[in-house]
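Please consider the structure shown below with attention to its charged side chains. Which of them pair, and where do the partners lie?

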Amino acid sequence: MNFDINDEQRNFAEHSRDFFTEHAGPECARALLDKPGEEAAPGREMLAELGFSSLTIPEEAGGIGANLLDMALVAEQAGRQLAGPSLASAARIAVLLEGDTDRLRAISEGRMAVAVLDGSPSRPTPSMDVVGATHFLTVDGDDLVLGQGVVTPGEPIDATRGLGYVDLTSSEIIRPDARDRWARAKQVACVVLAAEGLGAADRVVELGVEHAKVRKAFGREIGGFQAVKHRLVDDWIAVNQLRSLVWWAAWAADNAPDQLPIAASAAKAYCADTFQTACETLIHVLGGVGFTWEHDAHLYWRRSKVDRLLLGDESEHLAEVAQRSIAATRSAGTEAEAIPA
């Protein structure tokens, strides 16, 4: 099976790369460290205006009607520039509100700013992209709830993620018995979050390679030393393996939904390790400057640390992959035994 992207998708990815390079970037992420209550660039309004946040919303609800792989390609470019709010939130909301044309249209047109809360209404936990949001989706028991609330910004470890606590001031059950939909929405969000991590990790490896080509020690470029080049090559390989995982997971969401739970968890877990390791390599390659406030390395390192825990940590997703793989193997074995000789 060919998981490569076509020319139209490549052009779309290139267009989104130009956009995020112009309207986001490490300098915007750095400015937010002292302003944890402000929304990350380029912001909800601009993402809605260009249709990036409504890519997976159906056309009849004012969206683009694209598949998740298209959103993953855009998310990769957003991740390179540490852009926000996360497109993972947008993809998650599109699944949760599927069939709710009026609310989806309001989101597509930028008239409604929605975030998704993890935890429960009675026990809120830090949630992504709540800064700047006016309405919040969460589950209360098995019911999907929409309400308004008061946001308390969290510690700005990575302020571009818009983390914060929300106390709901109103709530309305908009869909009962929504646990299965909630689980699928989280899986879709994991794929897009991994795509953003892919883009960020790819940029981190690029920064390391660029520095290794010009920085000299003992009369030669440091990229010629095995301790440097082997680590950079390992990270480059890991990033490309992650790209295959992300594309598979995004493809599965629209074409093989039975594969999505394993694919999404595999992408999320592998991204956590790949992204953080790439950041550690970059700091190692940079030497002393890598520990300074002035270099961008710490901004990517911050995101790797925060993303590792969002939507479930690495251990949770590895356990999910293992449990589902074992269950699938047992099921296949039972079916084989049932076939007459």
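The following paragraphs describe salt bridges in this predicted model.

Side chains of opposite charge can pair when their charged atoms come close. In this model, the count of salt bridges comes to 20. Three of these pairs are taken in turn below.

One salt bridge joins the side chains of Asp202 and Arg80, with an N to O distance of 3.4 Å. This pair links distant parts of the chain, since Asp202 belongs to helix α7 (residues 179–214) and Arg80 to helix α4 (residues 68–80), 122 residues apart. Asp202 has a relative accessible area of 16% and is therefore buried, the cut-off being under 20%. Arg80 is buried as well, at 6%.

A salt bridge also forms between Asp118 and Arg92, whose closest N and O atoms are 2.8 Å apart. Here the loop between β1 (114–116) and β2 (135–140), which holds Asp118, is linked to helix α5 (residues 87–96), which holds Arg92; the two residues are 26 residues apart. Asp118 counts as partly exposed, with 22% relative accessibility, whereas Arg92 counts as buried, with 4%.

Asp142 and Arg179 meet through their side chains in a further salt bridge of 3.5 Å, N to O. Asp142 sits in the loop between β2 and β3 (143–147) and Arg179 in helix α7, 37 residues apart, so that this pair too links distant parts of the chain. Asp142 is partly exposed, with a relative accessible area of 42%, and Arg179 is partly exposed at 39% relative accessibility.

Finally, salt bridges with shared partners join Glu76, Arg80, Asp202, Arg203, Glu206, Glu210 and Arg243 into one network.

Methods. Residues numbered from 1 in each chain as written. Predicted model: local features only at pLDDT ≥ 70, side-chain atom pairs only at ≥ 80, totals over all residues. Heavy atoms only, no water. Salt bridge = Lys/Arg side-chain N within 4 Å of Asp/Glu carboxyl O. Helix = DSSP H or I, 4+ residues; strand = E, 2+ residues; numbered from the N terminus. Buried < 20%, exposed > 50% of the residue type's maximum accessible area, 1.4 Å probe, protein only.
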